[in-house]
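Let's walk through this one together, starting at the ligand and working outward to the whole chain. Keep the viewer open as you read.

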Amino acid sequence: MAMAKPKQRYVCTECGSVATRWQGQCTDCSQWNTLVEEAPQTPFSAKHHLSSGGRGISFEALDAPTAPLTRRSTGLAEFDRALGGGLVPGSAILMGGEPGIGKSTLLLQAAASIARTGAQAIYVSGEEATGQVRLRAARLGLADAPLRLAAATSVRDILTTLNAGEPPALLVIDSIQTMHSDNIEGAPGTVSQVRASAFELIRYAKESGVALVLVGHVTKDGSIAGPRVLEHMVDVVMSFEGERSHQYRILRSLKNRFGAVDEIGVFAMEGAGLTEVANPSMLFLSGREEPLAGSAVFPALEGTRPVLVEVQALIVRLQSGATPRRAVVGWDGGRLAMLLAVLEARCGLSFSSAEVYLNVAGGYRLTDPAADLAVAAALVSALADRPLPLRSIWFGEVSLSGEVRPVAHAGLRLREAAKLGFDIGHGPEEGGAGDRRQGGAPAAVKGLRYHGIAALPKLVDRVVGAA
Ligand code: TYD
Ligand code: MG
């Protein structure tokens with residue numbers, strides 16, 4: 001049988017999908033200019049069936065005895081929490097985040113802390129010289145930790161060295177985009193190099209029981225560029241988030257084969273590195289005592305942790321017929337457009353000749369759908385120039401019909417708010433779906449009056465009547 005001529009292929013650096021010809025836009029993930037040419041692959045021959053010549057595999061019962069998961073603390077309780085209880089030996093973790101957000105700092109601190117317990121921790125930097133890392137360690141007060149540090153980018157060099165000694169408890173590779181496998185062609189950072197390097201490192205981790213952390217830089221829109229193709233290869237995908245101009249950082253797990261994905265760790269970036277924030281519920285409040293139009297407090301939920309967040313809206317009426325601006329920081333722009341449309345259609349409020357600015361305080365990013373009502377309250381308050389009652393909170397999901405829908409864990413949100421001195425709760429009429437199941441009515445939270453808001457027109461009545 002004649003061998004077909006190897007075909008040129010093009011791989012998307014965003015999602016890893018393969019095309020046979022170059023296109024400006026990836027047909028799978030719709031990103032522009034992300035297709036890059038990859039070395040041709042030798043086509044498979046039809047002669048080589050895979051149905052014979054292999055070794056037999058053995059099957060096991062589902063209830064066969066398994067060793068319990070042992071976890072190792074990173075020395076940072078917030079990191080452990082986001083991991084679901086610590087590092088699992090033999091697991092691979094992808095740590096994503098924008099450049100400069102603090103990934104290297106976090107991992108240097110964790111590695112040093114593990115090294116101080118007497119276990120072996122190795123930190124391989126492909127981005128910085130060892131001198132630079134040492135300087136940072138000194139600034140962080142970690143210089144005395146018996147951490148093993150190297151600057152290297154060749155996966156073969158790294159694995160040859162590691163295989164010659166005892167496997168460490170933790171291996172940090174900073175970053176996977178700088179690693180190079182000489183098994184295949186291409187510059188570091190290309191999809192095929194990132195994939196091949198990660199594959200070798202992960203295999204080593206699995207075989208030797210090493211907890212492996214691969215750092216991966218992400219692009220502005222939050223996707224782990226290049227390393228996104230690694231998400232299915234690793235056990236845990238974490239994302240380190242925050243605004244670089246703000247102090248606070250949130251460590252989230254997006255995928256976790258060994259635990260829940262909704263736990264977060266909260267840190268503050270300070271002069272001496274990242275410090276843990278054990279009680280984050282007050283962080284994202286401005287602490288202002290004067291009532292101010294356009295400001296609403298939302299009890300967000302991060303996993304099982306309530307975090308109170310201030311949402312600020314500013315409305316500027318335009319005289320001219322210029323297209324008004326809508327600018328959002330910390331929330332979804334599409335969701336804001338929807339909410340404005342619902343307020344126009346269901347409550348007769350007009351935002352069309354005004355500029356709308358929405359900001360979530362403290363550099364926090366809201367993803368909780370229950371934020372709708374707080375955003376709506378901030379918008380209506382700003383438009384009417386009526387401050388919301390002091391020490392009040394707002395939560396609930398808004399539907400296109402303008403109804404306020406129940407959300408999960410209303411009771412938890414209200415209890416946290418009450419604990420912090422808030423005394424008026426506004427939310428869905430019937431509280432939260434989760435609470436109905438648990439049988440607790442949200443109105444029953446001690447020290448807090450609860451006002452059910454069935455639909456947005458009622459919100460408008462309350463805000464305008466509030467002054
Ligand atoms: P870094 O860990 O290098 O980020 P990444 O590895 O994600 O690119 O963090 C870089 C930023 O953190 C840098 O801009 C300065 C700041 N930083 C501090 O504010 N305090 C510190 O103690 C350290 C080490 C860094
Ligand atoms: Mg770094």
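The shell of residues around ligand 1 is made up of five nonpolar, six polar and five charged residues. Keep in mind that this is a predicted model. Of the 16 residues around the ligand, the ones that come nearest are Gly100, Ser104, Thr105, Glu270 and Gly273.

Now zoom in on the backbone. A polar backbone atom of Gly100 sits 2.6 Å from an oxygen atom of ligand 1. For Gly102, the distance from a polar backbone atom to an oxygen atom of the ligand is 3.0 Å. Gly271 also has a polar backbone atom 3.0 Å from an oxygen atom of ligand 1. As for how much of the ligand is covered, ligand 1 on its own has 560 Å² of accessible area, and the protein covers 75% of that.

Which elements give two or more residues to this shell? They are α2 (103-116), α3 (130-139) and β11 (264-270). Helix α2 gives the most, with three residues.

Let's step back to the chain as a whole. The protein chain has 467 residues, and buried residues make up 48% of them. Its secondary structure comprises ten helices and 21 strands. Along its principal axes, the C-alpha trace spans about 75 × 55 × 50 Å. The chain is divided into domain 1 (8-38), domain 2 (77-278) and domain 3 (283-464). If you place a marker at the C-alpha centre of domain 1 and another at that of domain 2, the two markers lie 28 Å apart.

Next, the interior. In soluble globular proteins, nonpolar side chains tend to be buried together. Here, the largest nonpolar core has 64 residues, and those that touch the most other members are Phe298, Phe351, Tyr364, Leu366, Leu379, Trp394 and Leu459. Helix α7 (residues 372-384) supplies the largest share of this core, ten residues. Where does the core lie with respect to domain 2 and domain 3? Both domain 2 (77-278) and domain 3 (283-464) give residues to this core, so it lies between them.

Another helix to look at is α8 (residues 410-419). Its buried residues are Ala410, Gly411, Arg413, Leu414, Glu416 and Ala417. After α8 comes Gly421, which has a positive phi, near 95 degrees.

Our last stop is the pair of strands β9 and β10. Arg252 is found in strand β10 (residues 248-256). Is Arg252 buried or exposed? Its relative accessible area is 12%, and the cut-off for buried is under 20%, so Arg252 counts as buried. The side chain of Arg252 has a polar partner: it makes a polar contact with the side chain of Glu241, at 2.9 Å.

In the loop between β9 (236-241) and β10 you will find Gly242. With a relative accessible area of 27%, Gly242 is partly exposed, because that value falls between the cut-offs of 20% for buried and 50% for exposed. To relate this loop to a later part of the chain, take Val316 as a reference: Gly242 and Val316 are 74 residues apart along the chain, and their C-alpha atoms are separated by 28 Å.

Key:
Residues numbered from 1 in each chain as written. Chains lettered and ligands numbered in written order. Predicted model: local features only at pLDDT ≥ 70, side-chain atom pairs only at ≥ 80, totals over all residues. Heavy atoms only, no water. Near = heavy atom within 4 Å. Polar contact = N/O pair within 3.5 Å; in protein donor to acceptor, adjacent residues only side chain to side chain. Areas by Shrake-Rupley, 256 points an atom, 1.4 Å probe, with all protein chains shown as cover. Helix = DSSP H or I, 4+ residues; strand = E, 2+ residues; numbered from the N terminus. Nonpolar A, V, L, I, M, F, W, Y, C, P; charged D, E, K, R; others polar. Domains from an automatic or database assignment. Core = buried A, V, L, I, M, F, W, Y, C linked by side-chain atoms within 4.5 Å. Buried < 20%, exposed > 50% of the residue type's maximum accessible area, 1.4 Å probe, protein only.
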